[in-house]
Amino acid sequence: MEALVASAIGVMTAAGIYLILRLRVFPVVLGMTMLSYAVNVFLFATGRLAVNMPPILQEGVSTYTDPIPQALVLTAIVISFGMTSVTVMLALGAFIEAGDDYIDLDDDKEKQD
């Protein structure tokens, strides 16, 4: 099971990096989303899933599940949503101003405008 989770994190990270290196805006946004999913799965996997155990210590309970990774994942979801929203708004502004969604504009194209 650990190998499956590790390879899923690796595949999502590789796909995210590949998409971020594209020259269009939409694949970059998808790549950032894939990287945030990979980080969320990594953070959740660090908590070691404990079945039928309480998240806090109670009387008569000697073991418990760690609530910190779950809180970190919830925080990371909110932060990644905000980051994606800001990136989409910046990309939309660049598209409206430049008339194209390429990330890297040529010098010749800029001189024509």
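How do helix 1 and helix 2 run relative to each other, roughly parallel or roughly antiparallel? I started my notes with that one, keeping in mind that I am looking at a predicted model.

**Entry 1, the helix pair.** I looked up the two elements, helix 1 at residues 2-20 and helix 2 at residues 25-45. Their packing angle comes out at about 160°, and the axes are 7 Å apart. Angles over 145 degrees count as roughly antiparallel, so helix 1 and helix 2 get that label. I also checked the handedness: helix 1 passes helix 2 in a left-handed crossing.

**Entry 2, across the pair.** Next I picked Met-34, which sits in helix 2. I have Met-34 down as partly exposed, at 24% relative accessible area. The cut-off for buried is under 20%, so Met-34 with its 24% stays in the partly exposed class. Met-34 is 22 residues from Met-12 in sequence, yet their C-alpha atoms lie 5.8 Å apart.

Then I went to Val-11, a helix 1 residue. Is Val-11 buried or exposed? I get exposed, with a relative accessible area of 57%. From Val-11 to Leu-30 I noted 14 Å between C-alpha atoms, for a sequence separation of 19 residues.

**Entry 3, the other end of helix 2.** Phe-44 belongs to helix 2 as well. Its relative accessibility is 44%, which puts Phe-44 among the partly exposed residues. I paired Phe-44 with Ser-85, 41 residues away along the chain, and got a C-alpha separation of 23 Å.

**Entry 4, helix 3.** Where is Thr-75? I found Thr-75 in helix 3, the helix that covers residues 68-98. At 44% relative accessibility, I filed Thr-75 under partly exposed. I went back to Met-12 for a distance here: Thr-75 and Met-12 are 63 residues apart along the chain, with 20 Å between their C-alpha atoms.

**Entry 5, a greasy spot.** Which residues form the nonpolar patch on the surface? I wrote down Val-88, Met-89, Leu-92, Phe-95 and Ile-96. Together they have about 490 Å² of accessible area. I looked at one member more closely: Val-88 is in helix 3, and its relative accessible area is 36%. Val-88 is therefore partly exposed. Patch residues need over 30% relative accessible area, and Val-88 at 36% makes that cut.

Methods: Residues are numbered from 1 along each chain as its sequence is written. This is a predicted model: local features need pLDDT of at least 70, side-chain atom pairs count only at pLDDT 80 or more; totals for chains, interfaces and linings use all residues. Side-chain values use heavy atoms; hydrogens and water are left out. Patches are made of residues with over 30% relative accessible area and no salt bridge: like charges are joined within 9 Å, nonpolar side chains (Val, Leu, Ile, Met, Phe, Trp, Tyr) within 5 Å. Accessible areas come from the Shrake-Rupley method with a 1.4 Å probe; for residues, only the protein chains shown count as cover. A salt bridge is a side-chain nitrogen of Lys or Arg within 4 Å of a carboxyl oxygen of Asp or Glu. Buried means under 20% relative accessible area, exposed over 50%, partly exposed in between (1.4 Å probe, protein chains only). Axes are lines fitted to C-alpha atoms, for helices over the stretch in contact, and angles run from 0 to 180 degrees between N-to-C directions. Angles under 35 degrees count as roughly parallel, over 145 as roughly antiparallel, 65 to 115 as roughly perpendicular and the rest as oblique. A crossing is left-handed if the near helix is turned anticlockwise from the far one by less than a right angle, and right-handed if clockwise.
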